[in-house]
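This report covers cysteines, salt bridges, one helix and one pocket, in that order.

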Amino acid sequence: MARGIIWQSWNRLCRRKEDSGLRFRNIHCFNLALLGKLGWKLMAELHSLVARILKARYFQSGDFLNAHLGHKPSFVRWSIHNSQELIKRSCGWRIGMGNMVNIWNDALLIDDNNRFIETQVVKGLETMHVYDLMVDNGSRWDAQMIDSPFQNRDAIAIQGIPLSSRGEVGVNIHNNISMEFCQWFSNHIVGLDDDQLARMTVTMWFLLNQRNSRIWNGSMAGVQSVVQQGLETWKCVRQLVQHSVNVQGQSQKWEKPPVGFLKCNIDADILDQGVAMGAGFVIRNNEGAVAYCGCWKIRGSFSPTLAEALCLKNVLQFMISQGLSNVRMELDAKIVVDGINDNGINDFEMGMIFEYCRGLINQGNNFDLYHVRRSASASATLSAKSFVC
């Protein structure tokens, strides 16, 4: 007996065939996607004729994302405006100088759930831009400025935004040290063995670094915690050195570079329940001996891939500052290695970091970047995990 037409909802017909649907195209979503592309061109191609006409007519003093529909809009303008909320939810700013990005109104955070600042607008700071939160000409974040008005979630997320170049903490040494102190210091280091001298040097560097932080940033940790940082760092260095002694018998995990070359193993790790990253690197010569090593910690909410990319960027800056060349770099993050070696890959969140690293590698220092298994970078991993600050 004929049962007639069995009607089905449009949503069910638009499901994939694997989900018992017919894979019909959702006309509404398809049309909205096409309109979204037009809306995106109004932001990305500002000098096109249609973008200039619509801007002059509907949002002279703003941009497409913040524009109102206006009075008696044309059908074209009304249609494109319908995609505004879709674009707002799906796009975000990639921070450069930060002078065009409003802290309170623009999508600037690396957070798929919410790219906007959740802190209530602070009176008197309504026009604050991202650049106002940077120091050293936009090379690093001003941690003290960020911690003051923003709630913890926002402060951590802001400091997790990658910048094109992060400045390193400088150590200022004045020349007006009295001869009495120099003589006293010389008398006290006589007779120290290499291990004691190295521990003292690292500890004094941390103390001097905190002294500079007190002068320039107005903040300083307690003496006991600073000394503990120095001892923990020296412990990490000793472990790395000991590891390098044993690495020659681990040919399956780590191979020596050719004569005249250095090998740099790099790794990063997420610390403190996701609110900071630790990074480390170890550079060895062709005999497996450690030539350079380092580790540091950066506060912020980072994805593992972004942490690896930032770590590589800082190591490249270090090697160039030391005048190193003929270096084979090994990283266990395949996405980062492919993203830098393949000019066609330009990830939204890390595109600037990839481009910056690519430029450093191509400066003519004969740097090569390779992907290896995590076991081949054991020393760098140890360095990233062991640093305490």
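In this predicted model, the number of disulfides is zero. C264 takes part in no disulfide, and the nearest cysteine sulfur, which belongs to C311, is 8.2 Å away. A disulfide would need the two sulfur atoms within 2.5 Å. C264 is buried, at a relative accessible area of 0%. C295 also counts as buried, with 16% relative accessibility; the cut-off for buried is under 20%.

Salt bridges come next. Side chains of opposite charge can pair when their charged atoms come close. The structure contains nine salt bridges, and three of these pairs are described here.

| Pair | N to O distance |
|---|---|
| K88 and E85 | 3.9 Å |
| R153 and E118 | 3.9 Å |
| K334 and D338 | 2.8 Å |

The pair K88 and E85 belongs to helix α5 (residues 84-90), where the two residues are three positions apart and so separated by about one helical turn. K88 counts as partly exposed because its relative accessibility is 25%. E85, at 44% relative accessibility, is likewise classed as partly exposed.

The salt bridge between R153 and E118 spans a longer stretch of chain. R153 is in helix α7 (residues 152-159), while E118 is in the loop between α5 and β1 (134-135); the pair therefore ties together parts that are 35 residues apart in sequence. Both ends count as partly exposed: R153 has a relative accessibility of 23%, and E118 has 39%.

K334 and D338 are again a pair within one helix, α12 (residues 334-341), four residues apart, or about one turn of the helix. K334 is partly exposed at 46% relative accessibility. D338 is partly exposed too, with a relative accessible area of 30%. Elsewhere, E118, R153 and D154 are joined into one network by salt bridges that share partners.

Helix α7, which holds R153, also deserves a description of its surroundings. How many of the eight residues of α7 are buried? Six are, so the helix is largely enclosed by the rest of the structure. The buried residues in α7 are D154, A155, I156, A157, I158 and Q159. D154 thus appears both in this buried set and in the salt-bridge network with E118 and R153, whereas R153 is partly exposed. The elements that cover the buried residues of α7 include the strand β2 (140-141), helix α6 (143-147) and the strand β5 (290-299). C295, noted above as buried, falls within the residue range of β5.

The last topic is a pocket. Rolling a probe the size of a water molecule over the atoms shows where empty space is left. The second largest pocket has a volume of about 700 Å³. Its lining consists of 30 residues, and those closest to the pocket centre are M43, D63, L65, W93 and M100. Which helix gives the largest share of the lining of the second largest pocket? Helix α2 (residues 27-44) does, with four residues. Sorted by class, the lining of this pocket has 18 nonpolar residues, seven polar ones and five charged ones.

Conventions:
Residues are numbered from 1 along each chain as its sequence is written. This is a predicted model: local features need pLDDT of at least 70, side-chain atom pairs count only at pLDDT 80 or more; totals for chains, interfaces and linings use all residues. Side-chain values use heavy atoms; hydrogens and water are left out. A salt bridge is a side-chain nitrogen of Lys or Arg within 4 Å of a carboxyl oxygen of Asp or Glu. Buried means under 20% relative accessible area, exposed over 50%, partly exposed in between (1.4 Å probe, protein chains only). Contact means heavy atoms within 4.5 Å. On a 1 Å grid over the protein atoms alone, a cavity is a set of points where a 1.4 Å probe fits but cannot get out, and a pocket is an open set with protein on both sides within 12 Å along at least five of seven lines; lining residues have an atom within 4 Å of a point. Grid points are joined across faces, edges and corners, and a volume is the space filled by probe spheres set on the points. Ala, Val, Leu, Ile, Met, Phe, Trp, Tyr, Cys and Pro count as nonpolar, Asp, Glu, Lys and Arg as charged, and the others, Gly among them, as polar.
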